[in-house]
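Please take a moment to look over the sequence and the model, and then let us walk through the fold together.

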Amino acid sequence: MFQKNQKPAAIAALTLSLAVLAAGCGSSNNSGSDASGSSNSASPSPSSSASSSASPSASASSSATTASGDPVKFHFYFTGSQNVKDLWDTLIPMFEKENPNVKVDEVYIPSGTGAQPTYDRILAAKKAGKGAGDIDLYEDGINVVTQGGKDDVWQTLSTSDIANLANVNAQTMSDVSNLAIPYRSSAVLLAYNSDKVTNPPKTLDELLDWIRQHPGKFAYNDPSTGGAGSSFVQTVIYKDLPADAIHNSDPSIMSQWDAGFKTLKDLGPVVYGKGIYPKKNQGTIDLLQNGEVDMIPAWSDMILQQQSENLLSANVKMQQITPGFNGGPTYLMVNKLSDKKDAIYQFLNFVLSSEAQEVIVGKMNGFPGIELSHMSQEMQDKFKGVSDGFRTFNIGDLGTEINKRWQSDVAAQ
């Protein structure tokens, strides 16, 4: 998920030179997360969240009740680092307090310990005629959205069921055929040592020139191990392709990749270690912090989080380039066979409220899933000047093909 991985004060650390916004984890689709391989671990048993009584939310787009009057309970599976669990441990009680007629049974799967088996369970239940298989709502990245679209397991979502869906960027929803909600995101930017780099590149061409002029001072991670490296690779490959190519998953476009791969191969001798590509997003951040390189592509949320925890020097700054690096929304998908859809829609409507989105921004150091115009004025002011340049790539399985070719054409040279 470009598979992304957090304190309100940290958002203020963004400078006006940063230019990014999103509608975000191991692969190019993970928001701020390192990639994890498939795990053979079984998914854990559901563990219930606490609920408390309060008046239902006036903004709910649908109501959910059982015949007995007890709350309707649905199962929500999600994966990621501890900060993702902390986020839902905050949001779910908030929702249940306002909506006592719904109970969210959260099932947390630590990063790298079973995300693929969870999707496999959804598909297996469908094929076996067992409905949703007790997995009603699922969080993951674009790869799973795409895969689920092919397997016809995700419900098509609309504003008639989720009123606050109107607050999400229309193009972002179109990219996923309305099969998923991008409820948060992170973007890849240039992170650089401002003590060494006083005039960072503003365009991709300027960046490529900078790399050539400063041998060994730029690094990007193996694209198969983290979304920051994948973003750099894909941005270079699609540099001279038509603008709409980043929304094209047709394999025929692979014939237009040659020039981009040649550029990446030619950069090999002038990147860090004359062709050393660190593992995972954190690998390049460590090089930047240690002073071994002066510039890297990095997830904005990872930089902000580590600076807020004093793990990364304050002299590390960020800036978006033109055309912008891609980023990674993290999505929520509704199981098409769930019989708890009204309750789920009620929950999703809350997640897309400005109240919930401000919690998400504060805890994840990322960007809201809804457009800034629907956020509080205070939050809009924090993002003032940083809302341009972000691009969302949706190339489906082609990301895997890029990683394969990169290994043979670039890494193996």
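Two strands count as paired if DSSP finds at least two bridges between them. With that in mind, look at strand S4 and strand S6 (residues 316-319): they pair in the antiparallel sense over 4 bridges. Within this pairing, Leu-190 has Gln-319 of S6 as its bridge partner. Please keep in mind that you are looking at a predicted model.

Before following S4 further, here is the overall picture. The chain holds 14 helices and 8 strands. Of its 413 residues, 56% are buried. Its accessible surface is about 15,800 Å², and carbon and sulfur atoms account for 48% of that.

Now back to S4, which has further partners. With strand S7 (residues 327-334), S4 forms an antiparallel pairing over 6 bridges, and here Pro-182 is matched with Tyr-331 of S7. S4 also pairs with S5, again in the antiparallel sense, over 5 bridges; in this case Val-188 faces Trp-299 in S5. Strand S8 (residues 367-368) joins S4 through 2 bridges, also antiparallel, with Pro-368 of S8 as the bridge partner of Arg-184. How many of the 13 residues of S4 are buried? The count is 13 of 13, so to speak a strand that is mostly covered. In general, the side chains of a regular strand alternate between the two faces of the sheet.

From S4 we can step to the helices, beginning with helix H6 (residues 204-213). Which residues of H6 are buried? They are Leu-204, Leu-207, Leu-208, Trp-210 and Ile-211. Because these residues cover an arc of only 160 degrees around the axis, they lie on the same side of H6. The general background is that an α-helix has 3.6 residues a turn, so residues three or four places apart point the same way. The buried residues of H6 pack against strand S4 (181-193) and strand S5 (295-299), as well as helix H7 (227-237) and helix H8 (258-267).

H8 can be read in a similar manner. Its buried residues are Gly-260, Phe-261, Leu-264 and Leu-267. These span an arc of only 120 degrees around the axis, and therefore sit on the same side of H8. On the other side of H8, Ala-259 and Lys-262 are exposed. The cover over the buried residues of H8 includes H6, H7 and helix H14 (398-411).

Next, consider the nonpolar cores. The largest has 54 residues, and those touching the most other members are Leu-207, Phe-218, Tyr-220, Phe-232, Tyr-238 and Leu-264. Two of these names are familiar: Leu-207 is among the buried residues of H6, and Leu-264 is among those of H8. Leaving aside residues up to four places away in sequence, Tyr-220 has contacts that include Phe-232, Val-233, Leu-264, Tyr-277, Pro-297 and Trp-406. Apart from this core lies another, of 40 residues, with Phe-76, Ile-92, Ile-181 and Leu-332 among them.

One last stop is Thr-225, found in the loop between H6 and H7. Is Thr-225 buried or exposed? Buried means under 20% relative accessible area; Thr-225 has 13%, so Thr-225 is buried. Its side chain reaches the backbone oxygen of Asp-222 at 2.8 Å.

Key
Residues are numbered from 1 along each chain as its sequence is written. This is a predicted model: local features need pLDDT of at least 70, side-chain atom pairs count only at pLDDT 80 or more; totals for chains, interfaces and linings use all residues. Side-chain values use heavy atoms; hydrogens and water are left out. Buried means under 20% relative accessible area, exposed over 50%, partly exposed in between (1.4 Å probe, protein chains only). The arc is that of the directions from the helix axis to the C-beta atoms. Contact means heavy atoms within 4.5 Å. A nonpolar core is a set of buried Ala, Val, Leu, Ile, Met, Phe, Trp, Tyr and Cys residues joined through side-chain atoms within 4.5 Å. A polar contact is a pair of N or O atoms within 3.5 Å; within protein, one must be able to donate a hydrogen and the other to accept it, and residues adjacent in sequence count only if both atoms are side-chain atoms. Accessible areas come from the Shrake-Rupley method with a 1.4 Å probe; for residues, only the protein chains shown count as cover.
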